[in-house]
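Trainee: I would like a close look at one part of this model, the nonpolar core. Please take me through it, and then through what surrounds it.

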Amino acid sequence: MMSADFSSQLESLRPQLLKYARLQLRNEAWAEDAVSETLLAALEKPQAFAGQSQLKTWLVGILRHKLVDQIRRNSREMSLTAEDGEDLDDLLFKPDGHWAEMPADWGDPEQALRQAEFMRVLEACVDHLPGQQGRLFMMREWLELDTTEICKVLGISSTNLWVMLHRARLRLRDCLQAHWFTGQVS
Amino acid sequence: MKLIRTCREVTALALRAEDEALPLGDRLAVMLHLPICKACTRFKAQLGLMRAASQQWRRYSETLGETASED
């Protein structure tokens with residue numbers, strides 16, 4: 001029997017699941033579908049949760065699978081996302097290939113990572129990545145797919161993927177520098 | 001195979017190494033460049049922090065969510 005408590009717990013976690021679904025899919029309708037499918041799967045098999053310590057951990061695990069399903073289903077439309085081709089490399093380096101500006105010392109990673117506020121900045125920076133770059137970054141870092149799987153699911157070449165991840169990481173670095181490390185480190 | 005690479009080239013290789021194992025020659029070129037280049041060494045450290053941050057973020061997204069706060 002389904003307890004009302006279980007249902008209301010699911011409902012209370014829905015906004016958080018939706019947040020990650022949006023970050024991954026960059027499309028409201030697809031994100032809603034992935035989360036609905038996740039909750040439906042949970043309601044259909046509540047016994048699968050037995051023994052798991054964290055409801056949220058279990059749900060995020062289901063969500064990951066549903067997100068890959070959505071990506072597979074909508075891969076053609078995703079590849080049509082207009083890509084802004086701006087290359088940060090041209091700003092970062094002088095024509096002779098040297099750094100235009102010395103990269104900053106970000107200090108002790110432990111110190112940054114201990115703070116919950118840093119996680120919020122990181123999420124905001126991932127959210128600011130352009131559509132397809134953001135999707136690819138999320139597939140790699142949040143869904144933890146390897147490059148071969150990503151290319152297969154999306155039907156893109158490894159060169160294309162590499163270029164997009166390169167841009168995404170440089171952008172993310174830029175955003176973290178501007179919104180976290182500037183003013184944090186003396 | 002060119003062993004001496006520019007900072008721009010080494011940066012591209014460092015980024016690529018986040019996703020794939022580099023070919024031997026590229027790995028060697030990076031290893032030769034880093035000890036003599038403070039800028040690329042810093043960039044590499046930044047990538048390391050970003051990798052650790054992603055890992056932490058995955059854990060955070062599963063367990064803490066929006067209620068987490070240490071401040």
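Mentor: Start with the largest nonpolar core of this predicted model. It holds 39 residues. Ala21(A), Ala34(A), Leu63(A), Val126(A) and Leu136(A) touch the most other members. Find those five on the structure before you read on.

Now see which elements build this core. From chain A, two or more residues each come from α1, α2 (28-44), α3, α7 (116-127), α8 (131-141), α9 (147-154) and α10 (158-181). Chain B joins in too, through its α3. Which helix gives the largest share of this core? That is α10(A), with seven residues. The core also draws on two domains of chain A: domain 1 (4-73) and domain 2 (89-181) each give at least three residues. In soluble globular proteins, nonpolar side chains tend to be buried together.

Take Val126(A) as a sample member. Set aside its neighbours within four places in sequence. Val126(A) is then in contact with Leu23(A), Gly134(A), Phe137(A), Met138(A) and Leu172(A). Apart from this core lies another one, of eight residues. Cys7(B), Leu15(B), Ala29(B) and Cys40(B) are among them.

Step back to chain A as a whole. It has ten helices and zero strands. Read along the sequence, the pattern is α-α-α-α-α-α-α-α-α-α. The C-alpha trace of chain A spans about 70 × 40 × 25 Å along its principal axes. Of the 186 residues in chain A, 32% are buried. Now take the contacts in chain A with a separation of 6 or more. Residues 24 or more positions apart account for 71% of them.

Next, the two domains. Chain A divides into domain 1 (4-73) and domain 2 (89-181). Their C-alpha centres lie 26 Å apart. Where they meet, eight residues of domain 1 of chain A are in contact with ten residues of domain 2 of chain A. On the domain 1 side, α1 (4-25) and α3 (55-73) of chain A each supply at least two residues. The largest share of that side, five residues, comes from α3(A). By type, the domain 1 side has four nonpolar residues, one polar and three charged.

Compare that with a residue at the surface. Leu43(A) sits in helix α2 of chain A. Is Leu43(A) buried or exposed? It is exposed, because 12 other C-beta atoms lie within 10 Å, and a residue with 12 or fewer counts as exposed. Leu43(A) and Leu10(A) are 33 residues apart along the chain, and their C-alpha atoms are separated by 8.7 Å.

Phe93(A) is another residue to find. It lies in the loop between α5 (89-92) and α6 (109-113) of chain A. Phe93(A) is partly exposed, because 18 other C-beta atoms lie within 10 Å; the partly exposed class falls between 12 or fewer and 20 or more. Leave out residues up to four places away in sequence. Phe93(A) then touches His98(A), Trp99(A) and Ala100(A), and also Cys7(B) and Arg8(B) of chain B. Trp180(A) is 87 residues from Phe93(A) along the chain, and the two C-alpha atoms are separated by 22 Å.

That brings us to chain B. It has three helices and zero strands. From the N terminus on, they run α-α-α. Buried residues make up 20% of its 71 residues.

How many residues does each chain put into the contact? Chain B gives 34 and chain A gives 33. On the chain B side, α1 (7-16) and α3 (38-63) of chain B each give two or more residues. The most comes from α3(B), with 18 residues. By type, the chain B side divides into 13 nonpolar, nine polar and twelve charged residues.

End on α3(B), the helix that chain B gives to the largest core. It has 26 residues. From its first C-alpha to its last it reaches 37 Å, close to the 38 Å expected at 1.5 Å a residue. Its buried residues are Cys40(B), Phe43(B), Gln46(B), Met50(B), Ala53(B) and Ser61(B). Keep one point about helices in mind as you trace that list. An α-helix has 3.6 residues a turn, so residues three or four places apart point the same way.

Notes
Residues numbered from 1 in each chain as written. Chains lettered and ligands numbered in written order. Predicted model: local features only at pLDDT ≥ 70, side-chain atom pairs only at ≥ 80, totals over all residues. Helix = DSSP H or I, 4+ residues; strand = E, 2+ residues; numbered from the N terminus. Contact = placed C-beta atoms within 7 Å. Nonpolar A, V, L, I, M, F, W, Y, C, P; charged D, E, K, R; others polar. Domains from an automatic or database assignment. Core = buried A, V, L, I, M, F, W, Y, C linked by C-beta atoms within 7 Å. Expected span 1.5 Å × (residues − 1).
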